[in-house]
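Reader: I should like to go through this structure point by point, with the reasoning set out for each answer. Where shall we begin?

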Amino acid sequence: MKTLRPLVGPSLYLIFMRTRIKYLLLLLLASGISQAQYKEPDWDYRDQWMDVDRIFRMGGITPGDTVADIGCHEGYLSMHLAQTVGKLGQVYSVDVREDRLKKLLEHARIRKLTNIQTILGDYDNPHLPQGQLDVVLIVDTYHEIGSYMTVLEHIRRSLKPKGRLIILEKLKEHARNKSRDEQVRSHTLSRKYVKQELRKAGFGIVTEIKDMGKWEEEEDKTMWLLVAEK
Ligand SMILES: C[S@@+](CC[C@H](N)C(=O)[O-])C[C@H]1O[C@@H](n2cnc3c(N)ncnc32)[C@H](O)[C@@H]1O
């Protein structure tokens, strides 16, 4: 920047800088909007378009359960889980980003929820305790997991006998017939790929819902849900 100044004169330099700042602000705003459904100011709105109780019912989550939320972000689902399993239950909130877990703990503290424990996972290992989980939940995150077969193996080991894994994803209409890799690049995934992977990992599919409503009420993003059993 220092070299540009004498070459173009002060006014041109100022216009150049202002444009750069505006562009930067726009970028920041756009990234904020695309993350909005995961952050606390938008949780009330998310309660309107996502039927969390139905998701939990489908997975058979009940008070006293030990559950895990893999890819928990700042804790939208973990807060709901903590309330549902109650004081006798336990929630393990897993993410690969420490900043997300820190924020999640703040949200839990404000809500006086004491049954949440965070785990800093690796991309290929959620580091859950073995043989202790009733239910593991992965919402809008499975498509981000590159080593999905390894992660499924770890999850299987973490579950009690007959323990369940709930996976919810949004299928974007334009990517419906694309390959797995192409879908992942579009941040989406079809049930058909995940079903194959679950079976290969030794799970049985016990519930399959093709349409759980629209993600953020957007017409081209249909949520689907699978419940698999160990
Ligand atoms: C799109 S957000 C979904 C957030 C949350 N499940 C929800 O529905 O509000 C995906 C989250 O998964 C995390 N993540 C990505 N890969 C992961 C992995 N292999 N293990 C655990 N967390 C992962 C990201 O850091 C991010 O916080």
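Reader: Which residues of helix 5 are buried?

Author: Helices are DSSP runs of H or I with at least four residues, strands are runs of E with at least two, and both are numbered from the N terminus. A residue is buried if 20 or more other C-beta atoms lie within 10 Å of its own, exposed if 12 or fewer, and partly exposed in between, the C-beta atoms being placed from the backbone. In this predicted model, helix 5 is mostly covered, with eight of its 10 residues buried. The buried residues of helix 5 are Tyr76, Leu77, Ser78, Met79, His80, Leu81, Ala82 and Val85.

Reader: How is the model filtered, and what is its mean pLDDT?

Author: As this is a predicted model, local features need pLDDT of at least 70 and side-chain atom pairs count only at pLDDT 80 or more, while totals for chains, interfaces and linings use all residues. Numbering starts from 1 along each chain as its sequence is written. The pLDDT is the predictor's confidence in each residue, from 0 to 100. In this chain 84% of the residues reach 70 or more, and the mean pLDDT is 89.

Reader: Which element has the lowest mean pLDDT, and how many contacts does the stretch over residues 1-8 have beyond near neighbours in sequence?

Author: Strand 1 has the highest mean pLDDT among the elements, 99, and helix 1 (residues 4-8) the lowest, 44. Residues 1-8 have pLDDT below 50, and residues 23-34 are likewise below 50, the latter with zero contacts beyond near neighbours in sequence. A contact is a pair of residues whose C-beta atoms, placed from the backbone, lie within 7 Å. The element asked for is helix 1, and the number of contacts for residues 1-8 is three.

Reader: In what order do the strands of the sheet lie, and what is the average twist from one strand to the next?

Author: Two strands pair if DSSP finds at least two bridges between them. Seven strands form an open sheet with mixed pairing, in the order 3-2-1-4-5-7-6. Strand 3 (116-120) and strand 6 (204-209) are its edge strands, each pairing on one side only. From one strand to the next, the twist averages 20 degrees.

Reader: Which strands does helix 5 touch, and what angle does its direction make with that of strand 2?

Author: Strand 2 (residues 90-95) pairs with strand 3 in the parallel sense over five bridges, and Tyr92 has Gln117 of strand 3 as its bridge partner. Helix 5 (residues 76-85) packs on the sheet and touches strand 1 (66-70), strand 2, strand 3 and strand 4 (133-139). Axes are lines fitted to C-alpha atoms, for helices over the stretch in contact, and angles run from 0 to 180 degrees between N-to-C directions. The angle between the directions of helix 5 and strand 2 is about 165 degrees.

Reader: Why is strand 5 described as largely enclosed, and which residue in strand 5 is the bridge partner of Leu133?

Author: Strand 5 is largely enclosed by the rest of the structure because 10 of its 14 residues are buried. Strand 4 and strand 5 run parallel and are joined by six bridges. Within strand 5, the bridge partner of Leu133 is Leu159.

Reader: Which residues come nearest to the ligand, and which elements give two or more residues to the shell around it?

Author: A residue counts as near the ligand if its C-beta atom, placed from the backbone, lies within 6 Å of it. There are 20 residues around the ligand, and those that come nearest are Gly71, His73, Val139, Thr141 and Glu144. The elements giving two or more residues to this shell are helix 5 and strand 2.

Reader: In which loop does His187 lie, and is this residue buried or partly exposed?

Author: Most residues other than glycine have a negative phi. His187, however, has a positive phi near 55 degrees. His187 is placed in the loop between helix 8 (180-185) and helix 9 (191-200). Because 15 other C-beta atoms lie within 10 Å, His187 is partly exposed.

Reader: What is the phi of Glu216?

Author: Glu216 lies in the loop between strand 6 and strand 7 (221-229). It has 14 C-beta neighbours inside 10 Å and so counts as partly exposed. Although Glu216 is not a glycine, its phi is positive, at about 55 degrees.

Key. Two residues are in contact if their C-beta atoms, placed from the backbone, lie within 7 Å.
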